[in-house]
Amino acid sequence: MALQSLDIKARSATTTPSPNVRAAGAIPVAKLIDISKCIGCKACQVACMEWNDLRDDVGTNVGVYDNPRDLSDQSWTVMRFSEVEVEQGRLEWLIRKDGCMHCADPGCLKACPSPGAIVQYSNGIVDFHEEYCIGCCYCIPGCPFNIPRISKKDDKAYKCTLCSDRVGVRLEPACVKICPTGAIVFGSKVDMIHHAEGRITDLKERGYSNAGLYDPQGVGGTHVMYVLQHGDKPELYANLPKDPSISPLVGLWKGVTKPLMSLGIGLAVFAGFFHFVTAGPKEVEEEEKTD
Amino acid sequence: MTNHWVDIKNTDLVLIMGGNAAEAHPCGFKWVTEAKAHRKARLIVVDPRFTRSAAVSDYYAPIRAGSDIAFLGGVINYLLGNDKIHHEYVKTYTDFSFLVKDEFAFDDGIYSGYNPEKRSYDKSSWGYQIGADGYVITDPTLQNPRCVYQMMKAHYARYTPDLVSSICGTPKEAFLKVCEMIAGTAASDKAMTIMYALGWTQHSQGSQMIRTGAMVQLLLGNIGVAGGGMNALRGHSNIQGLTDLGLLSDLLPGYMTLPGEKEQDYSAYIEKRASKPLRPGQMSYWQNYGKFHVSTMKAWYGDAATAENNWCFDWLPKLDKPYDLLQVFEDMNNGAVNGYLCQGFNPLASAPCKVKVSGSLAKLKYLVIIDPLATETSEFWQNHGEYNDVDPAKIQTEVFRLPSTCFAEEDGSLVSSSRVLQWHWKAAEPPGDARGDQEILAGIFLKLRSLYGKEGGAFPDPILNLTWKHRQPDAPSPEELAKEYSGQALKDVTDPKDPAKVLVKRGEQLNGFAELRDDGSTACGCWLFSGAWTEKGNLMVRRDNSDPYGLGQTLNWAFAWPANRRILYNRASCDPGGKPYDPTRKLIAWDADTGKWGGSDVPDFKADSPPEDGMNPFIMNPEGVARFFAVDKMAEGPFPEHYEPLESPLANNPMHPKNDQARANPAARVFKEDWNTFGKPDQFPYVGTTYRLTEHFHFWTKHARLNAILQPEQFVEIGEDLAKEKGIRNGDHVRVRSKRGFIIAVAVVTKRVRTLDVDGRKVHTVGMPIHWGFMGVAKNGYITNTLTPFVGDANTQTPEFKAFLVNIEKV
């Protein structure tokens, strides 16, 4: 549920305009995850579980450090560990905190057919309002980052909220607060881009000539960004997509298919009505009654 | 730590070796990221595994577990050979110019005085040449072949880059790259910090590994300076406090030592420890030993301790041998121990060679467990299937579990790695019947005292006379205990220069250990902590983080021992004339106007001793300088030498291929029966090493759901080559076996564990996190210490958990 301090900018399956009388307007925010500073301690996972009252299953080890193994309705963020050799003989252990990227152009919201189940606040946070979720799963193909997960318990979709409840009262997200090395920082998007520039300069000076900021424009930029040592190869980081964009199927649904289908539904209703007034109510045959 | 956590931000280069700070100390590690961000510091990690610390390093070099002295000996050789040392520092502030006794010798890995039967040394030849004036003879020209500089140079000249690479498995170019980066900090305006932990301590020659690291730092002039130092990262939140308070079996509080059985004479005991200066004009602070000792005895025995009875010296136990963990379990295994009080300790999981520990516990009549959790030790007698396959019917030990509080359920002080005593407050009430440790111990003590009072017994005096002035005798408060260790005047304490001037009135808290007296007028439970609770109140509760010098010293944050000093030996940050070597990182300096030392830190020095008096910075040593030559302080020799771990993949020590006595540490204590429990490389060809993960804390957090979610199941890590050789795929279950037993776990096949080229052959490593057991909410697992050998460091007896031999197979 939105707070007074969180104006909604966009709402799924809604054609009425968003409220826009408040003068100040929210400053777009961003979480910046500096992978070069991340030690993979998973404190962010703990903070997320504690703040959001989540407890995933005690799983198993399948030969990697990643645990829980994947995002779930109980795990809204996980660390993904990748062993790579970009230069021959120079091993790197890239550890990426995975979770919702909070796209400026959110595919999940576009795909969602249930009014108000997915909202975007004016500060950029994309939030799921599960009470309106109908469990249709459309948000899943809508997401270019494979983030939303459907709960087996209530058939509703869950993901990172960027701690909208904390941000709405001027606190930083829980993962940011707990991060011991300052690898996760939070602020206005402008400030975070500026901070990232300093980090990238430092990384270049240390020999990472392709260090860069991950703020993919294919989804209009994101409100969760990464500093990457290898900005030219985001796929090294557990298959972070290089040029993510919203699936064309979502565009098709919203662009052509949806009006056509609406028309189809309208025609069907009209045809039914016309049939009723011309042919009258359906008579039930005697044989059918005895079946 | 000689320095402190926050000070790491002042460094130019961080060497993490013998530790894994990012993984095991993630919060403290933030200061490394600060140094990288604000000083462009570089981070080097030298480790058998590519760790989470290595993941954020600027340079990583692999090393075979247990070969650190060879590596660091090679660094010493590089620094001396390439003249990358801080000349003025080593010449003035170390024993470079001191002459060593002519009888001292080193022959093919063995120092003079070795007794192979006893596996120990007669150390009488391990000393400096002493002149007729009682002072060490020196050669300031450094030309004398018996001077420490020349002897050290010759000793380490053998550690060539090729030999280092062959022993350590570190590629030569990687070794030289690390040397080059380290050598850059020999400049006065550059500093390196070394961060180490159990990766150095848990070896049969662990203390010498640390010493070799300290020698590197001394050569570079990196001890006593901001951003420098030898920084031991302590694992438990209060393990620093444990050693400070003398909980090791041969210590008294404040690193005073218990007398040995031959030391029955009180004045000889004190005299031996109250060292006289070995060079003119030096402070030799341990000269005050008698004051510290008497004040401790007054704290313990009050009016019963008098000058006439030598302050109850006869009541102190006199050691026939050290009673460390391994010795106690050896004795228990031999049936010489009836009962065992096990407080905040889980030896079945934490001690080496589970089969021996379990068998030893089964020989006890009774075992008392004081712990917040049901530990593996408390359930050692229960059958837990494959994880603890014992027959309870055959175990007669009676086990008492006394549930205690955990740190968040009590008030008190914790001593951090930074030597900072910081007060904390209870955050929650303990569950059920749990009681504070001091309540539990008070209950046991009061019962024992009453029994001794009624029944007498063989030696009731030390029990019946123990000071016990607590307002609630069965629940001593943390405040009372803190005041006791900080110290109090029993009579008016006067100024020695002016007896009419009263410094502290009778009954008042002392301001610090400078006020301690050996005439019975002061009581102090731990001289090092003196000043933590003065008449101004509890200084440990202070939370003022103002930092006027910008170096992170924060002198008004809690209280650091000794005397609230934040960086030890800080006089060494100045040149002999008293000017800081690096004015941008000024700790202290001599102020001629006021005639005092001062600055951002409390001087670790005589505050009014002018530079021209020539007092040197290492005031705890009778020499006044730091020692490269350890004289008789170490068990295995004055210069660290590389020895193989007790269990090594190599048949001999490449430093001494023909001398079997010098294969492994010649002074490491091995119990007779245990020789048969060591494996050989033909059956156990791989190097095993154990360690911790960020997700867990020892054997505690497997009881916590959140931690269990993050790292649920036991695993071992192996390299891709070994996996291929053994047909093991990622995620397979494997059995890892040592001569002492086996564990079964999931295999994590990783590039992060490399095959090393050692002594002309390939050496594989099997890495094993320790955190699992058969209690708690994580998946049950085997106790990793089933595998580890029952041998410890020759000086501290810390078990050799970091290097031993195993074999591995797919299950």
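Okay, let's start in chain B, where strand E12 and strand E13 (residues 366-371) run parallel and are joined by five bridges. Strands here are DSSP runs of E with at least two residues, helices are runs of H or I with at least four, and both are numbered from the N terminus. Two strands pair if DSSP finds at least two bridges between them. In that pairing, B:Gly339 sits opposite B:Tyr366 of E13(B).

Before I go on, a word on what we're looking at. This is a predicted model, where local features need pLDDT of at least 70 and side-chain atom pairs count only at pLDDT 80 or more, while totals for chains, interfaces and linings use all residues. Residues are numbered from 1 along each chain as its sequence is written, and chains are lettered from A and ligands numbered from 1 in the order in which they are written.

Back to the sheet. E12(B) and E13(B) belong to an open sheet of three strands, in the order E12-E13-E14, with parallel pairing. The edges are strand E12 (339-343) and strand E14 (398-403) of chain B; each has a single partner strand, so one side of each has no neighbour in the sheet. From one strand to the next, the twist averages 10°; for angles like this, axes are lines fitted to C-alpha atoms, for helices over the stretch in contact, and the angle runs from 0 to 180 degrees between N-to-C directions.

Now let's step back to the whole of chain B. It has 21 helices and 33 strands. Its radius of gyration is 26 Å, close to the 28 Å that the globule rule gives for 811 residues, so chain B is as compact as a globular protein of that length. That radius is taken over C-alpha atoms, and the rule is 2.2 Å times the number of residues to the power 0.38. The C-alpha trace spans about 85 × 70 × 55 Å along its principal axes.

How much of chain B is buried? Of its 811 residues, 54%. Buried means 20 or more other C-beta atoms within 10 Å of a residue's own, exposed means 12 or fewer, and partly exposed is in between, with C-beta atoms placed from the backbone.

A nice example is strand E1 (residues 13-17) of chain B: five of its five residues are buried, so the strand is largely enclosed by the rest of the structure. In general, side chains in a regular strand alternate between the two faces of the sheet. In E1(B), both faces are covered, with B:Leu13, B:Leu15 and B:Met17 on one side and B:Val14 and B:Ile16 on the other. E1(B) pairs in the parallel sense with strand E2 (residues 42-47) of chain B over five bridges, and there B:Leu15 has B:Ile44 as its bridge partner. Strand E8 (residues 192-196) of chain B also pairs with E1(B) in the parallel sense, over four bridges, and B:Ile16 is matched with B:Met195.

B:Met195 takes us to another residue, B:Leu233, in the loop between strand E9 (230-232) and helix H11 (239-244) of chain B. Is B:Leu233 buried or exposed? It counts as buried, because it has 21 C-beta neighbours inside 10 Å. B:Leu233 and B:Met195 are 38 residues apart in sequence, yet 6.8 Å apart in space, C-alpha to C-alpha. Leaving out residues up to four places away in sequence, B:Leu233 touches B:Met195, B:Gly19, B:His25 and B:Ser417, among others; contact means C-beta atoms, placed from the backbone, within 7 Å.

On to the cores. A nonpolar core is a set of buried Ala, Val, Leu, Ile, Met, Phe, Trp, Tyr and Cys residues joined through C-beta atoms within 7 Å. The largest one has 253 residues, and B:Val14 from our enclosed strand is among those with the most contacts inside it, as is B:Ile718. Helix H4 (residues 68-81) of chain B gives the most to this core, eight residues. A second, separate core has 41 residues, including B:Tyr289 and B:Trp527.

Last stop, chain A. Its secondary structure comes to eight helices and eleven strands, and 42% of its 291 residues are buried. Where the chains meet, 29 residues of chain A contact 34 residues of chain B. On chain A's side, helix H1 (43-51) and strand E4 (90-98) each supply at least two residues, and H1(A) gives the most, with four.

Note on methods: Two residues are in contact if their C-beta atoms, placed from the backbone, lie within 7 Å.
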